[in-house]
Amino acid sequence: MDDALALYEQSAARATSDAEAARALAAVGRLQARQSRHKLALTALRGALERGGAALSGRDRAEVLATLARCGVMTGALDEAAAWSDEGLALAEGAPATVGQLRYSRGLVAWYRGDFERAKDDFEAALAATRESGDLVEQAAAVTGLGLVAHRREDYGAALAAYREALQLGEQAGDDARVLSALQNLGVVFHERGEWIAALDAYKEALGLAEALDQPGRVVQLAGNLGNLWRYLGELDAARDVLQRGLERARADGNRYMEAVILNLLADVASDGESWATAERLWLDAIAVTVEASCATEEGEARLNLARLHLERRSHDEARRALVEGRRVCERLETKKLACLGSALAAGIERQAVGGDLKRARVELDLALAALTEVTNPDFRWPVLLEAMWLARDEGDLQQAMERALEVRGILQKQLDTVPARHRQAFRARRDRRDAWRETLVFADLQKLRGGGSERDTAWIRLLEVNKRLATEHSVTQLLEYIMDSAIVLTGAERGFLLLDDEADDGIALDVRVARNLDQENIKKKQLKISHGIARRVIEEGAAVITVDAMEDERYKDQLSVHDLRLRSILCLPMRFRGSVLGAIYLDNRFRASAFSDSDLPVMEAFSDLAAIALDNARLLEAREKSQAALEKARSEVESLNKRLAGELEARTQELEDTHRVVIRQRRELVAKHNYENIIGESAPIRRVYAMMDRLLENDVPVLIEGESGTGKELVARAIHFNGARQDRPFVAVNCGAIPQTLLESELFGHVRGAFTNATTDKKGLFEAAHTGTLLLDEIGELPLDMQVKLLRVLQNGEVKKVGANRELKVDVRIIAATNRKLEQEVRQGRFREDLYYRLSVVPIHVPALRERKEDIPLLVSHFIEVNRKNRLGPVTGIAKEAMALLQRYNWPGNVRQLEMVLKNASVFAEGATLQPHDFESFPDILGGDARTPTTSSLRGKSLADIEREAIIVALRETSGNKKRAAEQLGIDRRTLYNKLSAYGIVVEKELKVTSA
């Protein structure tokens, strides 16, 4: 497709009329749009309209406008896209195919703006027009649009039906782009319905297809989807990595919509990792982008998420402001999910804020629960139910709180059961889920109290009454006294002591904050009236202690305090909250044994946990009231610091993106083990390569792949990796000849900040990036001798040392090297270290040149013709026998890469469906019976360097000195060509004459 683009661009430059130039530019724009290069397509299409002017017919102009509108939507230029759609529809009457495209684009504009009714009307009109034209590809697009409307309205059944129909239409039409869209949308529906395995499978298949089609726009979208799924699974590092790469691609392509989506997701990841300032910055960035791009749904989500962030940080005024703006945006969207979230947040603010109103909170929460009945996504449901649990607790309704807690735990457990085993630990550990599981534990334990006779019924009623006061008391001092008095009442204890853990440096320091007797009188010398050993043990272990007679209890009878105080019955309970113990409730009776029994434990454990929750809330509210001004000042300082740090982080991220050449493929690149589908051939030489590869899949021995340029050495390396034990780990490829010598050590091993000028941040090397995976060292023969020494050291001890670092870093990397040189000869001539050669060539694989396996040429020709057909490079579907004979007679000095280029050229210019000999007129050496193929006699007496030098000179002359095209013809990297020109003293003069110095 790139060749076709180049040809159309040349046609536009050489056009003799405005109409001819406009048509060529329009073709360029359509091809770029098909590759999802929408920003470039917009430039070409605008040029087509401007150049064509009045020379374009109404229908031609309408066709250009249809593609313009589609690209405008994909880059977030919604206003322009709508105008282009309307203008095109006024010109396209009687052309149903164009009408269908324009109505589809206009429907997308309405969909992005949240006007789903209008979007549905346009998509239905587009479907009718495309059915009339018989265009299956556009039919699939219109059906997809209807699925998008149903999807956004949370009608998942209708959305799935539409996406499956679109998938079927795309497969019938043989259109991979439509198949890709349908797979992606199916993955999203599965994701939102909580069908994680199905979502993962759909995303993997879609990503593999997007990479195969080289569609950057789709890759950005799938980066967002996969990042979201990684975040759901709790794998925050993986989520952050893929989302950051997707954000950079979205910005490079000018895709404002996907930029907003990914910013929202990155903020979610930052919030999950408790990076509050980063999350706030990212949500503010998302809001700015969505406002500019008119993405109402994404704007509403960002504003509500920002409100949630402020609520979690207990910045209630800021939370209210963000919520007001968010609900204003969401009101016109008719989305139950966002309406539900807004109401739940409003309830949380009213419940938590100083001066909040529980009645208003109840009204808002009832609205949220009503909307929740139409929301099926379980990952969205449980946070709303968690808020319902807290509100029921604050209202004093422990029964309701317990029921909501059980619902939350049931959803979380059900979700966990569907998560793949390898991700379950990370899934449970994500901050919001971890906290929810802990916070619901106390209420879930209350079910132990239900049933069991009148004694338990009485305890249950007392606990309900106590909870009402606990939930409404905000003074820490008064709350502690009430906790102590309530505990004495509930158990009938003689005395009670409330101890708090002051977290001293040398261990637990117990502070007896309240000491009361049965008559609610304060006890003097309270520190001397309890067994500190028992209390300390309860706080350390987080488990309650009950004794029938402490002086006879084997656990405590040797403690002096027990005997000195003449203690009989003791009940000591930990006050647990969010995984930590705040203190202990210590109850005793000095005169009666068996004052407490095991039946008291369920009630009192629930009471102590409720008391811990109330104490934590009271502490937070009291601290907020006392230090509001100090917090505001500190927040301002932190925000200033975070802005600076964020700038440094962005610079580091950009630098990593620019310098790392890490290509991590999904398993779908080579699905089945021993299925080398990207290597075409059945000849004996290529079967020997397959046999060697089979032996290498289950071990990590170094491999040296030798062969001429263009034979497919990198394909062999990738096949070994993606069929082997490391297939799910990174695959990193580096061309050793394409990196300047001054940068090579930093690229391979990384560097630390300050190692050299402009080293402003630490940088990972390619060895570190390939950790646990495979590193392909391509063109290893180009490696300088001093770097060979350092590489040898890494291979010997498995450790790399960054430039400027003081310590070495352990890496686990499988090494595969590739070269088009004969390394044995390089060793003899002193250009390659012998010890390194033996380290790398544990298993050598020779990839045969195409002239050594000419029987594979028909298979390769058939493969490339099919690839060209799918990429719409022309009408070619086959090749005549005479033309095939020409190709088999030629010796192909550029090997498979040259054959691929020749067939692309012929497919673009062919007039019929079958390639004929005259379709290869651009290649006289092929038509001429391989006249210039070197013979044995012509090569006799020449070294490999002499032959390589002559080949470079011939290529430069044939391309009129164009180094880029010469490098492509030779099948080498352009920088490698520059290095060889310098080494062989070859000079390209201004008059495009090639000479040797």
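The following exchange concerns a predicted model and asks how several of its features earn their names.

Me: Why is serine 343 called buried?

Reply: The relative accessibility of serine 343 is 5%. Buried means under 20%, so serine 343 counts as buried. This serine is found in helix 18, residues 336-352.

Me: What makes the approach of serine 343 to arginine 327 a polar contact?

Reply: The two side chains are 3.5 Å apart at this contact. A polar contact requires a pair of N or O atoms within 3.5 Å, so the value meets the cut-off. Serine 343 also touches Glu364, Leu365, Leu367 and Ala368, besides Arg327, when residues up to four places away in sequence are not counted.

Me: Why do strand 2 and strand 3 count as edges of the open sheet of five strands?

Reply: The strand order is 2-1-5-4-3, with antiparallel pairing. Strand 2 (510-517) and strand 3 (545-547) each have a single partner strand, so one side of each is left without a neighbour in the sheet. From one strand to the next, the twist averages 15°.

Me: How do you know that strand 4 and strand 5 pair?

Reply: Strand 4 (residues 569-577) and strand 5 (residues 580-589) are joined in the antiparallel sense by nine bridges. Pairing needs at least two bridges, so these strands qualify. One of the bridges places proline 574 against alanine 584 in strand 5.

Me: Which helices pack on this sheet, and which strands do they touch?

Reply: Helix 25 (residues 476-491) touches strand 1 (495-501), strand 2, strand 4 and strand 5, and its direction makes about 55° with that of strand 2. Helix 26 (residues 532-541) touches strand 1, strand 2, strand 3, strand 4 and strand 5, and its direction makes about 35° with that of strand 4.

Me: What makes phenylalanine 722 and phenylalanine 731 an aromatic pair, and why is the pair called tilted?

Reply: Their ring centres are 5.8 Å apart, and rings pair when the centres lie within 6.5 Å. The planes stand at 40°. Planes under 30 degrees apart would be stacked and those over 60 edge-to-face, so this pair is tilted. Both phenylalanine 722 and phenylalanine 731 are buried.

Me: Why is the pair of phenylalanine 749 and phenylalanine 767 called tilted?

Reply: The centres of these rings are 5.7 Å apart and the planes are at 35°, so the pair is tilted. Phenylalanine 749 lies in helix 32 (residues 741-749) and phenylalanine 767 in helix 33 (residues 766-769), 18 residues apart, and the pair thus links distant parts of the chain. Each of phenylalanine 749 and phenylalanine 767 is buried. The count of aromatic pairs comes to nine, and ring pairs also link Trp111, Tyr112 and Tyr257 into a cluster.

Me: How do you know that the charged end of arginine 409 sits over the ring of tryptophan 437?

Reply: The charged end of arginine 409 is 3.9 Å from the ring centre of tryptophan 437, and the distance cut-off is within 6 Å. Arginine 433 lies over the face of phenylalanine 427, at 3.7 Å from the ring centre.

Me: What makes strand 7 a partner of strand 14 and of strand 15?

Reply: Strand 7 (residues 703-706) pairs in the parallel sense with strand 14 (residues 814-819) over four bridges. Four bridges also join strand 7 to strand 15 (residues 843-846), again running parallel. Glutamate 706 stands opposite threonine 819 in strand 14, while valine 703 stands opposite valine 843 in strand 15.

Terms used
Residues numbered from 1 in each chain as written. Predicted model: local features only at pLDDT ≥ 70, side-chain atom pairs only at ≥ 80, totals over all residues. Heavy atoms only, no water. Buried < 20%, exposed > 50% of the residue type's maximum accessible area, 1.4 Å probe, protein only. Polar contact = N/O pair within 3.5 Å; in protein donor to acceptor, adjacent residues only side chain to side chain. Contact = heavy atoms within 4.5 Å. Axes fitted to C-alpha atoms, helices over the stretch in contact; angles between N-to-C directions. Phe/Tyr/Trp six-rings, centres within 6.5 Å; stacked < 30°, edge-to-face > 60°. Lys NZ or Arg CZ within 6 Å of the ring centre and 35° of its normal.
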